[in-house]
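Here's a quick walk through a single-chain model, from the overall layout down to a couple of charged side chains. Have a look at it first.

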Amino acid sequence: MPESLKQVDLPDAAATEALGRAVAARLPADTRGWTIALEGELGTGKSTFARALLRALGHAGPVPSPTYTLVEPYDIAGRTVYHVDLYRLAGPDELAFLGWSDLDDGLLLVEWPERAAALARRADLVVRLRHAGAARAAELSARSPRAQRLLDPVTS
């Protein structure tokens, strides 16, 4: 499938949160096996996007950064979501020690997916966040037919 791209300007954190909510609103009820990859330098809004998406799905509690735990699991109204941060991953071999193969029962929301190339390749949706002057910008890439179905309405 050819990759489909959408560009979104994010003038502030509220716009990044709105984008996370918009993506969450368009996800199907069954997101088992889905992967959303969040790419970008430090400070571009990956965690802001992830928190907004989790809250939009119905999580009411705190959303800690998984930088040190690597994986934060959430059970949200019967839907399993794993917020994953691979920043501290030394290499892709460490994924096996995380019990990575056990995470296919839910939605994977992965920060720093480029630290594990195989994981980055399996992403349904890639959200690339970047600095744009004093603001931020996002590029959304659908990499699967199911992600393509949700991408068009996100930015229209």
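What follows covers the fold, the nonpolar cores and two charged residues.

## Ground rules

This is a predicted model, where local features need pLDDT of at least 70, side-chain atom pairs count only at pLDDT 80 or more, and totals for chains, interfaces and linings use all residues. Residues are numbered from 1 along each chain as its sequence is written, and side-chain values use heavy atoms, with hydrogens and water left out.

## Overall layout

The chain has five helices and seven strands, taken as DSSP runs numbered from the N terminus (helices are H or I, at least four residues; strands are E, at least two). In sequence order they go β-α-β-α-β-β-α-β-α-β-β-α.

Of the 156 residues, 50% are buried (under 20% relative accessible area, with over 50% being exposed and anything in between partly exposed; 1.4 Å probe, protein chains only). Take the contacts (heavy atoms within 4.5 Å) between residues at least 6 apart in sequence: 64% of them join residues at least 24 apart.

## The nonpolar cores

A nonpolar core here is a set of buried Ala, Val, Leu, Ile, Met, Phe, Trp, Tyr and Cys residues joined through side-chain atoms within 4.5 Å. The largest one has 30 residues, and Val 23, Ile 36, Leu 53, Leu 125, Val 127 and Leu 140 touch the most other members. Helix H2 (residues 46–57) chips in the most, with five residues. There's also a second, separate core of twelve residues, including Val 71, Val 84, Val 110 and Ala 116.

Zooming in on Ile 36 and skipping neighbours within four places in sequence, its contacts include Val 23, Leu 53, Leu 125 and Val 127, as well as Leu 107 and Val 110.

## Lys 46: buried, no salt bridge

Lys 46 sits in helix H2. It's buried but has no salt bridge, and the nearest side chain of opposite charge, Glu 111, is 5.1 Å away. A salt bridge would need a side-chain nitrogen of Lys or Arg within 4 Å of a carboxyl oxygen of Asp or Glu.

So what does the side chain of Lys 46 reach at 2.9 Å? One partner is the backbone oxygen of Gly 40, and the backbone oxygen of Glu 41 also lies 2.9 Å from a polar atom of the Lys 46 side chain.

## Glu 72 in strand E3

Glu 72 belongs to strand E3 (residues 71–76). Why does Glu 72 count as buried? Because its relative accessibility is 18%. Beyond four places in sequence, Glu 72 touches Pro 64, Pro 66, Val 81, Tyr 82 and His 83.

Notes: Lys, Arg positive; Asp, Glu negative; His and termini not counted. Polar contact = N/O pair within 3.5 Å; in protein donor to acceptor, adjacent residues only side chain to side chain.
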